[in-house]
Amino acid sequence: MTDNDIRTLEDLGDAVEVIEVEEVAVTVYEQKLDAQGRAYATGKRKDAVARVWIKPGAGRITVNGRDQESYFARPVLRMLLQQPFEAAERKDQYDVVCTVSGGGLSGQAGAVRHGISKALTAYEPELRAPLKKGGFLTRDSRVVERKKYGRAKARRSFQFSKR
């Protein structure tokens with residue numbers, strides 16, 4: 001049938017060809033654990049780098065050998081660490097041990113959050129979709145802009161005076 005022969009909906013139904021579609025390859029992620037049964041990941045934010053290990057437990061988070069309450073004193077920073085667990089609905093199911101270096105406390109908290117998210121996907125690959133949707137697996141690439149010559153800071157000029 002050509003395009004000129006189609007005049008009614010019945011003619012259109014006869015003209016349609018059914019095309020079989022090949023199966024699409026789906027990426028299957030597998031669990032990656034070390035000899036102690038922990039999942040490891042590295043998280044980064046600004047100048048901070050966090051090495052994170054997670055294993056099933058009561059929900060304790062240890063940062064550089066200290067409890068999270070003593071290391072991250074501000075409640076906002078502790079809230080950052082809990083976000084991946086809330087998005088994955090796994091609150092108080094994993095113990096986290098991490099070492100973090102570089103940057104300030106805010107960058108370190110972001111690095112630990114990034115590391116926790118990546119370690120969760122290594123431990124439970126099916127959690128990748130909710131964590132990816134929440135934006136926890138993407139490294140926040142914003143860093144401090146460098147200082148330029150002839151300027152007081154990155155963009156700030158020296159005060160101008162006519163005299």
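This is a short talk on the fold of one predicted chain.

Hi everyone, thanks for coming. Please keep in mind throughout that we are looking at a predicted model.

Let me begin with the overall picture. The chain has five helices and five strands. If you walk along the sequence, the elements come in the pattern α-β-β-β-β-α-α-β-α-α. In other words, a run of four strands follows the opening helix, and the remaining strand comes after two further helices.

Now for the dimensions. The radius of gyration is 26 Å, whereas a compact globule of 163 residues would have one near 15 Å. The C-alpha trace spans about 80 × 65 × 25 Å along its principal axes. As for burial, 29% of the 163 residues count as buried. The accessible surface comes to about 11700 Å², and carbon and sulfur atoms hold 51% of that.

Two more global numbers may interest this group. Taking the contacts with a sequence separation of 6 or more, 65% are between residues 24 or more positions apart. On the charge side, there are 30 positive and 22 negative charges, and their mean positions lie 25 Å apart.

Let's move to the sheet. The five strands form an open sheet in the order S1-S2-S5-S3-S4, and the pairing is mixed. S1 and S4, the latter being residues 66-67, stand at the edges with a single partner strand each, so one side of each has no neighbour in the sheet. As a general reminder, strands of a sheet pair through backbone hydrogen bonds, in either a parallel or an antiparallel way.

We can go across the sheet pair by pair. Strand S1, residues 39-45, runs antiparallel to strand S2, residues 48-56, and seven bridges connect them. One pair to look for there is Lys 44 with its bridge partner Val 49 in S2. The hairpin of S1 and S2 has two residues between the strands.

What is the phi of Lys 46, in that hairpin? Phi is near 50°, a positive value in a residue that is not glycine. Lys 46 sits in the loop between S1 and S2 and is partly exposed, with 38% relative accessibility.

Next door, S2 pairs with strand S5, residues 94-101, through eight bridges, and these two strands are antiparallel. Several partners are easy to find on screen. Val 49 stands opposite Ser 101 in S5, Arg 51 has Thr 99 as its partner, and Trp 53 is bridged to Val 97. Val 49 is also the residue we just met as the partner of Lys 44.

On to the parallel part. Strand S3, residues 61-63, runs parallel to S5, with three bridges between them. Here Thr 62 stands opposite Val 97, and Val 97 is the bridge partner of Trp 53 as well.

Staying in S5, let me pick out Asp 95. Is Asp 95 buried or exposed? It is buried, because its relative accessible area is 9%, and the cut-off for buried is under 20%. Leaving aside residues up to four places away in sequence, Asp 95 touches Trp 53, Ile 54, Lys 55, Pro 56, Gly 57, Ala 58, Gly 59 and Arg 60. For a sense of distance, Asp 95 and Leu 137 are 42 residues apart along the chain, and their C-alpha atoms are separated by 19 Å.

Now compare that with a loop residue. Glu 30 lies in the loop between helix H1, residues 9-15, and S1. Glu 30 counts as exposed, with 60% relative accessibility. Which residues does Glu 30 touch, not counting those up to four places away in sequence? They are Ala 122 and Pro 125. Glu 30 and Pro 125 are 95 residues apart in sequence, yet their C-alpha atoms are 6.2 Å apart.

One last stop, for those who like checking backbone torsions. Glu 89 has a positive phi near 55°, and it too is a residue other than glycine. You will find Glu 89 in the loop between helix H3, residues 75-87, and S5. Its relative accessibility is 64%, so Glu 89 counts as exposed.

To wrap up, the two things I would look at on screen are the mixed sheet, in the order S1-S2-S5-S3-S4, and the chain's radius of gyration of 26 Å. Thanks, and I'm happy to go back to any of the residues.

Key: Residues are numbered from 1 along each chain as its sequence is written. This is a predicted model: local features need pLDDT of at least 70, side-chain atom pairs count only at pLDDT 80 or more; totals for chains, interfaces and linings use all residues. Side-chain values use heavy atoms; hydrogens and water are left out. The radius of gyration is taken over C-alpha atoms; the globule rule is 2.2 Å times the number of residues to the power 0.38. Buried means under 20% relative accessible area, exposed over 50%, partly exposed in between (1.4 Å probe, protein chains only). Contact means heavy atoms within 4.5 Å. Accessible areas come from the Shrake-Rupley method with a 1.4 Å probe; for residues, only the protein chains shown count as cover. Lys and Arg count as positive and Asp and Glu as negative; His and the chain ends are not counted. The place of a charge is taken as NZ of Lys, CZ of Arg, CG of Asp or CD of Glu. Two strands pair if DSSP finds at least two bridges between them.
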